[in-house]
Amino acid sequence: MRIRATVAAVTGALALSAFAVPAAHAAPVAPNVTFSNVKINSGKALSIGAGSTVRVSATYTVTHPTTVSMANVDTGPLLYRGTSAADPDTLVGSDAPGTCTTVDTTTVNCSATITIPADELWNSDAGTWKQGGIAQDKKTRAEKRQSDLGTLPIRRATKLTTDAAPEPVKKGKILTVTGKLTRADWERGTYGVFSSQSVQLQFRKAGATAYATVKTVTSSSTGALKTTVTAGYDGYYRFTYAGSTPSAPVSAAGDYVDVQ
């Protein structure tokens with residue numbers, strides 16, 4: 001798999017780069033199977049941090065005629081960015097063929113694992129990926145790819161800090177809350193400035209269980225956050241970022257302030 005070089009491939013026995021059809025008078029026939037119920041990472045958006053490698057589980061169902069023996073077919077899930085799973089340029093596939101359990105004479109339920117290293121992603125790869133499936137005849141290597149089996153957001157991880165000062169503070173006095181918002185730079189393997197983003201300052205009174213939004217602040221050109229509030233009660237302040245399609249949501253740890 002090498003998305004950055006636009007030759008991403010399914011690894012293991014399903015390695016797309018290794019697909020080769022043996023010379024023959026007639027082209028081998030692709031497995032007559034159909035994929036459904038594809039769920040990668042349980043359908044939840046995937047957040048990938050700088051320099052990290054994530055491994056996510058996938059499940060799917062394969063249906064086939066009784067004339068097709070699944071013992072002769074390898075299958076696996078796909079993630080892709082193009083218009084079709086037939087385009088190998090932006091594909092990520094399972095580490096190995098899926099492990100399948102027979103449901104009945106025409107149905108199997110399968111599971112597999114997909115590994116995605118952050119250093120093989122362009123920052124522009126963040127966004128909505130599509131799900132697909134691939135099936136390959138073990139003997140002839142003839143294969144079928146199925147597209148448009150759902151979507152999965154893959155997001156650049158974000159980090160957020162909060163610091164409220166002075167601590168302690170007298171009731172009615174001004175409290176200054178600062179922080180910083182950064183986002184994973186997959187290409188550099190670091191977290192970089194995340195500017196011009198709307199971030200909410202929230203407060204949770206001591207003894208309460210939920211935070212309430214106090215105001216909205218915009219991150220500066222350096223990702224910095226700064227605002228002021230009037231101290232009223234003991235409790236926790238935190239910044240929280242709601243996220244977007246390419247960027248993961250994040251909430252900073254609450255900073256406790258003793259109001260005297």
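1. In this predicted model, strand 1 pairs with strand 3 (residues 53-63) in the antiparallel sense, and 5 bridges join the two. One position in this pairing can be named: Phe35 stands opposite Val62 in strand 3.

2. Strands 1 and 3 belong to an open sheet of 4 strands, arranged in the order 1-3-7-6 with antiparallel pairing. The edges are held by strand 1 (34-40) and strand 6 (99-104); each has a single partner strand, so one side of each is left without a neighbour in the sheet. From one strand to the next, the twist averages 25°.

3. As general background, the strands of a sheet pair through backbone hydrogen bonds, in either a parallel or an antiparallel manner.

4. A further set of pairings concerns strand 15. Strand 15 (residues 198-205) and strand 16 (residues 212-218) run antiparallel to each other and are paired over 6 bridges. Within this pairing, Gln200 is placed opposite Thr216 of strand 16.

5. The connection between these two strands also merits attention. Strands 15 and 16 form a hairpin, with 6 residues lying between them. In the turn, Gly207 has a positive phi of about 95°.

6. Which strand, besides strand 16, pairs with strand 15 in the antiparallel sense over 6 bridges? The partner is strand 18, which spans residues 235-241. On strand 18, Arg238 is the bridge partner of Gln202. Strand 15 therefore has antiparallel pairings with both strand 16 and strand 18.

Notes
Residues numbered from 1 in each chain as written. Predicted model: local features only at pLDDT ≥ 70, side-chain atom pairs only at ≥ 80, totals over all residues. Heavy atoms only, no water. Axes fitted to C-alpha atoms, helices over the stretch in contact; angles between N-to-C directions.
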